[in-house]
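Reader: I have a structure open and want to go through its backbone oddities and one of its pockets. Can you take my questions as they come?

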Amino acid sequence: MGGGRDAALEALTACRRLDAWSDGSLKAACRGLDRREAALAARLAYGVLQNRALLDFYLGQYCAQPFEKLEPFIRDVLRLGGYQILYMDRVPDSAAVDEAVKTVKRKKRQRAAGLVNAVLRRMSREKGSLPALPAEDRAAYLSLRYSHPRWLAERFLELLGGEEAEVLLRANNGSVPTVIQRNPLKCTAEELHARLEESGAALAPHPWMPDCCLLSGGGELEAMPAFREGLFQVQDAAAKAAVLAAGPRPGKRMLDVCAAPGGKSFAAAMEMENRGEIVACDIHRHKLELIEKGAARLGASCVRTELADGRQERPEWLEGFDLVLCDVPCSGLGIIRKKPDIRYKDPAALAGLPAVQGAILANASRYVRPGGVLLYATCTLLPEENRGVTEVFLEERRAFQKEPFSLPGLGAAADGELTLWPQRHGTDGFYICKMRKL
């Protein structure tokens with residue numbers, strides 16, 4: 001393959017062998033590539049992850065042996081070639097086939113070269129009349145058509161019904177705009193627009209979130225002068241919505257229990273006009289260093305970090321904060337649009353998450369002063385990690401009660417909780433619950 005194709009294959013291999021996240025694997029694989037080849041690598045790697053089950057189904061129709069019996073490396077090469085044939089009009093089919101065969105030969109898999117050539121050439125010839133998907137089982141069809149595990153397709157069918165579940169699954173495979181938040185500590189909206197335009201970027205106002213924009217063009221974000229100078233941060237509107245629901249105010253004291261990589265702490269510092277104190281915690285020291293660098297870049301001097309486990313009590317913090325934010329570790333199934341490999345998590349490994357989330361929430365609640373706010377948030381759409389956790393908490397701790405809040409463009413959450421959905425709100429999937437200590 002070469003260039004972007006090799007980088008995509010390397011990223012897919014890391015995801016498979018090392019159980020690594022696609023974004024980190026891709027970033028490592030693209031080091032040294034120019035902008036064009038890096039963009040190709042991202043399109044290929046994410047495209048394969050988003051459509052893996054569907055690609056496997058079609059490729060399997062053209063293999064003499066069961067597709068799942070092929071060597072994993074050969075399956076990845078075929079998926080990359082198949083994705084280019086079916087989804088990338090600008091890449092000639094002949095080039096996709098030839099590059100796949102060259103890769104196999106270069107990796108000393110000479111005996112597989114004929115298979116790769118035959119399968120991809122047949123797919124190219126017959127791509128106008130691909131085999132029909134089985135449609136008699138709705139969950140099986142949606143699982144295959146949108147390459148989500150069957151258990152996840154069944155859950156979304158249960159939660160949303162057939163029509164909207166399909167819209168969500170389709171959205172999970174769609175392109176995601178880059179949403180940025182202006183840093184009012186450093187610039188006005190006019191100044192930010194001018195600086196980004198100097199980098200060749202284009203901006204459009206976010207449909208409903210103030211001080212947020214949709215960014216396109218301009219090259220690598222971290223290389224932009226406006227980014228390095230801290231004029232903006234990358235943050236989805238759902239994450240900012242959680243901060244706005246919490247209601248940070250200048251001069252207050254806030255604890256961000258599971259803060260890394262720091263986006264909500266930074267957004268809160270902006271809302272607080274950098275006046276007050278924000279203690280941003282994480283269990284990993286290297287993540288605290290990332291938060292510190294981000295705070296310095298943005299000029300958020302009210303943010304300081306602490307190494308802490310959200311489940312273990314810190315006596316010196318008891319009833320010491322006006323606002324405690326718990327954006328807890330979760331399954332991440334609300335951000336499949338951005339991390340397509342999240343869909344392949346083992347559901348058995350997710351079963352223990354509510355217990356961990358509940359333990360963090362219970363411990364963090366001890367740090368809220370009387371009259372203060374406790375905000376629980378996740379980037380998942382599963383009720384057992386969301387309302388299931390907060391309902392148990394509120395039943396056991398009668399000193400807290402849910403409190404209504406309102407968000408720009410979305411209106412009031414009269415019962416004190418809100419789930420944001422990609423297909424409804426154009427955001428990450430996100431759950432927010434605001435509670436006040438009596």
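Author: Start with S147: at 1% relative accessibility, S147 counts as buried, because the cut-off for buried is under 20%. Keep in mind that this is a predicted model.

Reader: What is the phi of S147?

Author: Phi of S147 is near 55°, a positive value in a residue other than glycine.

Reader: And where does S147 lie?

Author: S147 is in the loop between α8 (138–145) and α9 (150–160).

Reader: What about E319, what is its phi?

Author: E319 is not a glycine either, and its phi is positive, about 50°. The residue is found in the loop between β7 (303–307) and β8 (321–327).

Reader: Is E319 buried or partly exposed?

Author: Partly exposed, because its relative accessibility is 45%.

Reader: Which residues does the cis peptide bond join?

Author: A260 and P261, with omega at about 5°. P261 sits in the loop between β5 (253–256) and α14 (263–271).

Reader: Switching to pockets. What volume does the second largest one have?

Author: About 380 Å³. Its lining is made up of 16 residues, and C15, R16, D19, D341 and Y344 are the ones nearest the centre. Elements giving two or more residues to that lining are α1 (4–18), α3 (35–50) and α5 (72–87).

Reader: Which element gives the largest share of the lining?

Author: α5, with four residues.

Reader: And how does the lining of the second largest pocket split by class?

Author: Eight of its residues are nonpolar and eight are charged, with no polar ones.

Definitions and conventions
Residues numbered from 1 in each chain as written. Predicted model: local features only at pLDDT ≥ 70, side-chain atom pairs only at ≥ 80, totals over all residues. Heavy atoms only, no water. Buried < 20%, exposed > 50% of the residue type's maximum accessible area, 1.4 Å probe, protein only. 1 Å grid on protein atoms, 1.4 Å probe; cavity = no way out; pocket = protein on both sides within 12 Å on 5 of 7 lines; lining within 4 Å. Points joined across faces, edges and corners; volume = space filled by probe spheres on them. Nonpolar A, V, L, I, M, F, W, Y, C, P; charged D, E, K, R; others polar.
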